Amino acid sequence: MGVIELCNISSICIGRAKPSSLIEGNRRRRITCMASSVSVQEEESHQQKQGVNGGSFIRTHLLKLSPYQPILPFEVLSTRLGRKPEDIVKLDANENPYGPPPEVNEALGAMKFPYIYPDPESRTLRAALAEDSGLESEYILAGCGADELIDLIMRCVLDPGDKIVDCPPTFTMYEFDAAVNGAGVIKVPRNPDFSLDVERIAEVVEREKPKCIFLTSPNNPDGRFSWTKSRIWSFSTEYY
């Protein structure tokens with residue numbers, strides 16, 4: 001038979017056993033309980049009134065965020081259009097419609113240890129990119145597509161309330177990721193020929209002091225090369 005001690009401390013009842021308490025060879029458990037002044041029914045009713053649900057755990061600004069509209073893959077387009085994937089040419093995502101050259105497929109097929117995680121620092125790839133671009137590998141970051149790199153840059157640089165400059169029409173992930181990170185987006189539309197409105201960008205930078213400016217080159221969706229390296233460097237040193 002157990003011994004129970006009651007102490008009216010909290011509205012939640014908690015049992016705590018101490019099995020080491022023995023009397024005359026019989027195990028005697030001492031349990032300390034805190035009596036509840038609120039019934040289970042009253043507690044459930046209180047939670048329902050509070051509206052406890054999954055949305056209450058999400059950051060407020062994310063609840064107001066419009067969902068990102070991704071591109072439609074071949075299999076979805078094929079079903080909707082009633083056409084074979086081979087008969088569809090996609091021009092909405094800045095993709096290569098011809099696929100990789102045969103050498104790439106051969107290299108992928110001959111890859112050693114495809115079942116092991118690859119080098120997390122992508123040393124071989126960064127070394128090749130450094131040789132091709134003339135930029136030191138320490139300044140090259142490899143990622144799983146542009147989406148990951150854009151997200152990493154914003155998470156490292158932006159605080160809530162900071163601003164970025166976006167030049168639409170362009171890749172929509174800049175605006176989306178900025179909203180996810182609680183940053184404001186200042187839009188400077190491109191000219192009718194998709195070139196950048198440099199004077200307007202300069203005005204915005206001087207007035208708003210944004211943390212980031214995204215200048216896609218080649219741009220999506222038109223494929224235009226925005227700026228040369230020297231022009232970007234000249235602009236950044238003048239205003240930053």
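**Close-up views of a predicted model**

Lys 163 is partly exposed, at a relative accessible area of 31%. Keep that residue in mind, as it comes back in View C. Everything below refers to a predicted model.

**View A. The whole chain, before zooming in: nine helices and seven strands.** Of the 240 residues here, 20% count as buried. The chain exposes about 18,300 Å², and carbon and sulfur atoms supply 56% of that area. Now for the contacts with a separation of 6 or more: 50% of them come from residues 24 or more positions apart.

**View B. A three-stranded open sheet, in the order β6-β5-β7.** The pairing in this sheet is parallel. Strands β6 and β7 (212–213) sit at the edges with a single partner strand each, so one side of each has no neighbour in the sheet. Look at β5 (residues 163–166) and β6 (residues 184–187): they pair over four bridges, in the parallel sense. To find your way along the pair, start at Ile 164, which stands opposite Val 185 in β6. Then go to Val 165, whose bridge partner in β6 is Ile 186. As a general point, side chains in a regular strand alternate between the two faces of the sheet. Helix α7 (residues 173–180) joins in as well: β5, α7 and β6 make up a right-handed β-α-β unit.

**View C. Lys 163 and Glu 208, joined by a salt bridge.** Their side chains meet at 2.5 Å, N to O. Lys 163 belongs to strand β5 and Glu 208 to helix α8 (residues 198–208), so the pair ties together parts that are 45 residues apart in sequence. Glu 208 is partly exposed, with a relative accessible area of 24%. Lys 163 is partly exposed too, at the 31% given at the start.

**View D. Glu 175 and Lys 187, a salt bridge between a helix and a strand.** Here the side chains meet at 3.2 Å, again N to O. Glu 175 lies in helix α7 and Lys 187 in strand β6, so this contact links parts that are 12 residues apart in sequence. Glu 175 counts as partly exposed at 34% relative accessibility, and Lys 187 is partly exposed with a relative accessible area of 43%.

**View E. A salt bridge inside helix α8, from Glu 203 to Arg 200.** The closest N and O atoms of the two are 3.4 Å apart. Glu 203 and Arg 200 are three residues apart in α8, which puts about one helical turn between them. Both count as partly exposed: Glu 203 at 43% relative accessibility and Arg 200 at 34%.

**View F. A salt-bridge network of Asp 119, Glu 121 and Arg 123.** Salt bridges that share partners join these residues into one network. In general, side chains of opposite charge can pair when their charged atoms come close. How many salt bridges are there in the count? The total comes to eight, and the Lys 163–Glu 208 pair of View C is one of the salt bridges.

**View G. A nonpolar surface patch around Ile 116 and its neighbours.** What makes up the patch? Phe 113, Tyr 115, Ile 116 and Tyr 117 do, and together they give about 610 Å². To place the patch along the chain, use Ile 116: that residue is in the loop between α4 (102–109) and α5 (123–133).

Methods: Residues are numbered from 1 along each chain as its sequence is written. This is a predicted model: local features need pLDDT of at least 70, side-chain atom pairs count only at pLDDT 80 or more; totals for chains, interfaces and linings use all residues. Side-chain values use heavy atoms; hydrogens and water are left out. Two strands pair if DSSP finds at least two bridges between them. Helices (H or I, at least four residues) and strands (E, at least two) are DSSP runs, numbered from the N terminus. A crossover is right-handed if, with the strands pointing away from the viewer, the path from the first strand over the helix to the second runs clockwise. A salt bridge is a side-chain nitrogen of Lys or Arg within 4 Å of a carboxyl oxygen of Asp or Glu. Buried means under 20% relative accessible area, exposed over 50%, partly exposed in between (1.4 Å probe, protein chains only). Patches are made of residues with over 30% relative accessible area and no salt bridge: like charges are joined within 9 Å, nonpolar side chains (Val, Leu, Ile, Met, Phe, Trp, Tyr) within 5 Å. Accessible areas come from the Shrake-Rupley method with a 1.4 Å probe; for residues, only the protein chains shown count as cover. Contact means heavy atoms within 4.5 Å.
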